[in-house]
Amino acid sequence: MITVQPTGVTPADVIAVARGDAKVTLAPATIEAMATSRAIVDKIEASGRPVYGVSTGFGALASTFIDPSRRAELQHALIRSHAAGIGAPQPREVVRAMMLLRLRSLALGHSGVRPELAQGLADLLNHDITPWVPEHGSLGASGDLAPLAHCALVLLGEGWVLSTDGRRLDAGAALRDAGLKPLELAAKEGLALINGTDGMLGMLLLALDDARHLFAMADVTAALAIEAMLGSERPFRPELHAIRPHPGQAASAANIHKLLQNSRIMDSHRDDLAHAVQDAYSMRCAPQVAGAARDTLDFAAQVAGRELVSVVDNPVVLPDGRVESTGNFHGEPLAFAADFLAIAAAEVGSIAERRVDRLLDVTRNRDLPPFLSPDAGVNSGLMIAQYTAAGIVAENRRLAVPASADSLPTSGMQEDHVSMGWAATKKLRTVLDNLTSLLAVELLSAVRGLQLRAPLTPSPAGQLAVTALAAFAGEPGPDVFLAPVLEQTRAVVGGRELRAAIEAQLGELR
């Protein structure tokens with residue numbers, strides 16, 4: 001059970017709700033903070049003075065005064081008109097993260113809405129009702145207007161929801177089946193439901209969780225590939241990284257050094273001074289690339305942490321009774337962080353593919369057979385797996401082009417600069433999904449290389465990886481239908497079991 005306080009939620013809370021189906025409840029202090037904020041809005045509305053979103057229209061219509069008798073209608077019309085997305089639905093975990101974060105934003109007590117709105121979002125989460133949120137619609141400027149409007153529309157008993165099997169269902173029927181009633185909005189409440197960075201922040205937090213795991217797995221696959229290629233462990237010694245004190249580099253080097261210990265394969269050439277005086281950059285510089293990615297991840301996590309405690313609504317209700325317009329909904333901080341992390345993740349995948357190519361090349365893989373096939377010629381081994389990896393690297397390079405460098409003006413030039421933060425975080429998730437595939441190709445290649453070094457036994461991490469993959473990939477031999485093997489290897493990389501088994505033997509990876 002995640003209890004939403006007036007101070008917000010943590011990244012772990014978001015992951016628990018989005019991926020772990022944790023239930024959500026509102027703390028009494030949250031309800032009190034929201035009620036206090038709402039009383040200020042009610043007082044302003046009664047006074048008749050113009051306040052954006054309370055007694056005026058929106059965007060380019062901000063100077064249009066709205067008669068009190070039509071202000072509830074205004075809020076409902078806002079939700080309907082802004083639910084204008086198009087395309088495939090966003091994944092369930094993204095929508096659940098977005099709803100929790102919008103609930104968090106309301107709970108901070110600066111939005112001037114009734115506690116019923118936050119409770120309505122909690123009810124959707126707790127009854128596993130997932131709004132159908134199309135992939136296109138947000139520019140990350142006034143926050144994620146269209147995606148959040150698709151969520152808000154479900155609170156009104158309108159729009160669509162996403163079924164567990166991917167179908168699009170009627171929202172009104174979903175509420176009735178759950179025993180929930182549609183909400184009636186009061187002044188400002190429609191705007192408060194849609195004005196914020198919750199979609200892009202949700203995707204960034206999910207991406208951070210994935211990237212932490214994948215960067216650790218990148219150290220594992222790199223170490224096993226280096227071991228299979230009879231590389232040297234000397235470049236990963238701690239004293240060589242203490243003299244260039246980037247923290248991510250030191251952590252990655254420590255992981256790789258740890259993973260290469262207690263290996264008969266490494267012992268076979270460890271004291272041979274003529275062997276591998278200098279390994280190729282893709283081997284020797286693995287910590288410098290993966291470590292820089294880790295430092296980029298830390299920066300992005302810092303940005304996300306700040307956003308988690310930020311008031312991003314507009315206008316905001318201040319404790320002294322003022323209602324002020326802000327630009328806090330602009331997603332540029334998140335867009336920059338997501339673009340930077342996408343570049344870093346793309347490079348982690350790029351250097352992994354270079355190690356795969358080296359492992360498969362008989363002129364560079366130190367006496368392993370061509371394409372890791374014991375009977376090359378009739379058999380092609382992992383030749384085309386590297387083609388697949390190369391194509392994914394090329395796609396990641398295209399996706400690494402910053403979305404945040406783009407901007408298209410909207411709303412009659414009122415919103416004349418936008419962040420493209422939704423696009424930045426969405427493509428970051430694609431880059432990380434692609435990175436999972438690239439590491440899968442490297443893991444399979446490394447395991448094949450380790451198997452072909454028999455009777456020399458690999459490191460404990462190598463033995464665990466060989467055992468995990470041998471269950472479905474078998475031993476090196478005649479060619480097989482490779483796609484299912486790659487899919488299952490992808491599941492090993494994306495899952496946490498192999499990493500947990502390695503850490504159980506060697507200690508936690510940094």
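Leaving aside its neighbours within four places in sequence, which residues is R102 in contact with? The legends below start with that residue and then move through other parts of this predicted model.

**Figure 1. R102 and the residues around it in helix α4.** Meet R102, which sits in helix α4, a helix made of residues 92–107. Once neighbours within four places in sequence are set aside, its contacts are L121, L148, A192, L193, I194, N195, G196, D198, V312 and D313. Is R102 buried or exposed? With a relative accessibility of 2%, R102 counts as buried, because buried means under 20%.

**Figure 2. The whole protein chain, as a setting for the close-ups.** Before zooming in again, it helps to look at the chain as a whole. The protein chain has 20 helices and nine strands. Its C-alpha atoms fill a box of roughly 85 × 50 × 40 Å along the principal axes. Of its 510 residues, 55% count as buried. The accessible surface comes to about 20400 Å², and carbon and sulfur atoms account for 56% of that surface. Take the contacts between residues at least 6 apart in sequence: 80% of these join residues at least 24 apart.

**Figure 3. Helix α11 and the elements that cover it.** Helix α11 runs through residues 247–259. How far apart are the end C-alpha atoms of this helix? They are 19 Å apart, which agrees with the 18 Å that its 13 residues should span at 1.5 Å a residue. If you wonder why the expected value is 18 Å, the span is worked out as 1.5 Å times one less than the number of residues. The buried residues of α11 are G248, Q249, A251, S252, A253, N255, I256 and L259. As you look at them, keep a general rule in mind: an α-helix has 3.6 residues a turn, so residues three or four places apart point the same way. The cover over the buried residues of α11 includes α9 (198–228), α10 (238–242), α14 (286–308), α18 (460–473) and α20 (497–506).

**Figure 4. A salt bridge between R366 and D279.** The structure holds 29 salt bridges, and this view shows one of them, between the side chains of R366 and D279, at 3.1 Å from N to O. The pair links distant parts of the chain, with the two residues 87 residues apart. R366 belongs to the loop between α15 and α16 (383–399), whereas D279 belongs to the loop between α12 (264–267) and α13 (281–284). R366 counts as partly exposed at 26% relative accessibility, while D279, at 3%, counts as buried.

**Figure 5. Two salt bridges, E73 with R70 and E353 with R354.** In the E73 and R70 salt bridge, the closest N and O atoms are 2.8 Å apart. E73 is partly exposed, with a relative accessible area of 43%, and R70 is partly exposed as well, at 47%. E353 forms a salt bridge with R354, where the closest N and O atoms are 2.8 Å apart. E353 counts as buried at 6% relative accessibility, but R354 is partly exposed at 38%. Elsewhere, salt bridges that share partners join R19, E93, D209, D210, R429 and R496 into one network.

**Figure 6. The aromatic pair of W132 and W160.** The structure holds two aromatic pairs. In this one, W132 and W160 meet edge-to-face, with 6.4 Å from centre to centre and 85 degrees between the planes. The partners are 28 residues apart in the chain: W132 is in the loop between β4 (130–131) and β5 (134–136), and W160 is in strand β6 (residues 160–162). W132 counts as buried at 10% relative accessibility, whereas W160 is partly exposed at 38%.

**Figure 7. F299 and F340, an aromatic pair in a surface patch.** The ring centres of F299 and F340 are 6.0 Å apart and their planes stand at 55 degrees, so this pair is tilted. It links distant parts of the chain, joining F299 in helix α14 to F340 in helix α15, 41 residues away. Helix α15 spans residues 332–360. F299 is partly exposed, at 33% relative accessible area, and F340 is partly exposed at 41%. Together with I343, F299 and F340 form a nonpolar patch on the surface, with about 250 Å² of accessible area in total.

How values were computed
Residues numbered from 1 in each chain as written. Predicted model: local features only at pLDDT ≥ 70, side-chain atom pairs only at ≥ 80, totals over all residues. Heavy atoms only, no water. Patch = residues over 30% accessible without salt bridge, like charges linked within 9 Å, V, L, I, M, F, W, Y side chains within 5 Å. Areas by Shrake-Rupley, 256 points an atom, 1.4 Å probe, with all protein chains shown as cover. Salt bridge = Lys/Arg side-chain N within 4 Å of Asp/Glu carboxyl O. Helix = DSSP H or I, 4+ residues; strand = E, 2+ residues; numbered from the N terminus. Buried < 20%, exposed > 50% of the residue type's maximum accessible area, 1.4 Å probe, protein only. Contact = heavy atoms within 4.5 Å. Phe/Tyr/Trp six-rings, centres within 6.5 Å; stacked < 30°, edge-to-face > 60°.
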